[in-house]
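Please open the model in your viewer and keep the selection tool at hand, since this tour goes from one stop to the next. At each stop you will be told what to select and what is there.

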Amino acid sequence: MTDNSAACGGPDVENGFGRFFLPGPTEVRPAVLAAQKRALIGHRGEPINALMREIQPGLRAVFGTARPVLVSTSSATGLMEAAVRNGARERVLSLVNGAFSERFARIARACGFEVDVVEAPWGGVHDPDAVRARLRAGHYDAVTMVHSETSTGALNPIADLAAAVREFPGTLVLVDAVTSAGGAPVQADDRGLDFVLAGSQKAMALPPGLAFGVASERMLERSASAARRGVYFDLVAFYNALAKEQTPNTPAVTLMYSLAEQLRHISAEGLERRWRRHAAMARRCADWADASGERIGAGLSVLAPDGFRSPTVTCLLLPPGRTGPEVAHAMKERGFVIGAGYGRLKPRSVRIGHMGDHTVEELDRVLEALEEVLRAPPGQGLAGGSR
């Protein structure tokens, strides 16, 4: 097992790669971790310029853009704040269907904006017509939304939602693609996304600590006059630095070495093949859940509806009498790390993060262990009996 799993309480190194299935951070290949051992360089001058030139083509491919992709030394939450600080003036409409879309709304409020919310059930997705209706009822500077909702495993119809928003001139489309970028098509340019962001530790399969973002020309125009854009997440400063092949603040150079290594790996695999592998893992989870009823008993199901399921994370509703923390603990006893449910779903669900460099074959071993846990009586799913 790689070092990141040990740090998160995962199985030990002797169990090997392919047992750490949290919905982020995900497992990182040893070669990507080892890339951080390169000697440090100054972050002003030709060495950093060369590194920035090296990573841009791969990042642009992942985000589906011809525009420069900014690299922030922060978590993705930092760029969620950047999105609203740079993209809004007074009013924000937040599309909420889970914990992380709810976080987007909370960030906008904390930054001093007036926020209205359109809610969909947790596990459900948003209806573009409902969004149009809300936008007709009042002017908003920006709409926040999440592509792949990590807490529920639901995949919003981002192209249709963005198209609905763009019918209203002056309203920007701000998208959290944290668990989709690298595992599903984002297509920032074709879909007209004004700002799309992601973090390093999800489907990109990198160590935590970097975030990536793409801003449209409309977003940069808005940013230039945004009174609350601040300093650290000033998008004008980011793009001025990008024009010089640099970052506006001190970058995490060693993490960028890992990024360059992983982008080479992603390019060698091919993005379309990578997307198909992720989609195959999501189908495998759903098929297993559908077929396991007779063996496990009634009550196990995929939360998100068919046709709107994330290719990178599956949220499974558990049979009565089972809890997310108990099942996740029993899986850890068997040498596998999965996530309990998140937020209000924590007591009655688990989440499997089938993202990054994992394979269907590795996922099959996780599902085999999970079936053993769920077939055992509650409290008896631990290796060695109950405790």
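How many nonpolar, polar and charged residues does the lining of the largest pocket have? Sorted by class, that lining has eight nonpolar, seven polar and four charged residues. Keep in mind throughout the tour that this is a predicted model.

**First stop: the largest pocket**

Select Pro23, Gly24, Phe100, Gln201 and Lys202, which are the residues nearest the centre of the largest pocket among the 19 that line it. The space in this pocket comes to about 340 Å³. Now colour helix 4 (76-87), helix 5 (99-110) and strand 12 (339-340), each of which supplies at least two residues of the lining. Of the elements that take part, helix 4 gives the most, with three residues.

**Second stop: helix 4 against helix 8**

Stay with helix 4 and add helix 8, which covers residues 217-224. In general, two packed helices are described by the angle between their axes and the distance between the axes. Here the axes of helix 4 and helix 8 come within 7 Å and cross at roughly 70°, and the two helices are therefore roughly perpendicular to each other. To see where they meet, select Ala82, Ala83, Asn86 and Gly87 on helix 4 together with Met219, Arg222 and Ser223 on helix 8. By class, this contact has three nonpolar, three polar and one charged residues.

**Third stop: Asp234**

Follow the chain from helix 8 towards helix 9 (235-242), and select Asp234 in the loop between these two helices. Is Asp234 buried or exposed? Its relative accessibility is 11%, and because residues under 20% count as buried, Asp234 is buried. If neighbours within four places in sequence are left aside, Asp234 is in contact with Asn86, Ser223 and Arg229. You have already met Asn86 and Ser223, as they also belong to the contact of helix 4 with helix 8.

**Fourth stop: Gly183**

Move to the loop between strand 7 (172-176) and strand 8 (195-199), and select Gly183 there. Gly183 is buried, with a relative accessible area of 1%. Which residues does Gly183 touch, not counting residues up to four places away in sequence? They are Ala203, Trp275, His278, Pro311 and Thr312. You can also select Glu272, which is 89 residues from Gly183 along the chain, while the C-alpha atoms of the two residues are separated by 9.3 Å.

**Fifth stop: the second largest pocket**

Select helix 11 (residues 271-291), from which the largest share of the lining of the second largest pocket comes, namely five residues. The volume of this pocket is about 200 Å³. Its lining includes Leu155, Ala279, Arg283, Val302 and Phe308, and you can add each of these to the selection in turn. By class, the lining has six nonpolar, two polar and four charged residues.

**Last stop: an enclosed space**

Rolling a probe the size of a water molecule over the atoms shows where empty space is left. A search of the whole structure finds one cavity of 30 Å³ or more, and the largest cavity has a volume of about 40 Å³. To find it, select the residues that line it, which are Val71, Ser72, Thr73, Tyr232, Phe238, Thr247, Asn249 and Thr250. By class, this lining has three nonpolar, five polar and no charged residues.

Definitions and conventions
Residues numbered from 1 in each chain as written. Predicted model: local features only at pLDDT ≥ 70, side-chain atom pairs only at ≥ 80, totals over all residues. Heavy atoms only, no water. Helix = DSSP H or I, 4+ residues; strand = E, 2+ residues; numbered from the N terminus. Buried < 20%, exposed > 50% of the residue type's maximum accessible area, 1.4 Å probe, protein only. Contact = heavy atoms within 4.5 Å. 1 Å grid on protein atoms, 1.4 Å probe; cavity = no way out; pocket = protein on both sides within 12 Å on 5 of 7 lines; lining within 4 Å. Points joined across faces, edges and corners; volume = space filled by probe spheres on them. Nonpolar A, V, L, I, M, F, W, Y, C, P; charged D, E, K, R; others polar. Axes fitted to C-alpha atoms, helices over the stretch in contact; angles between N-to-C directions. Parallel < 35°, antiparallel > 145°, perpendicular 65-115°, else oblique.
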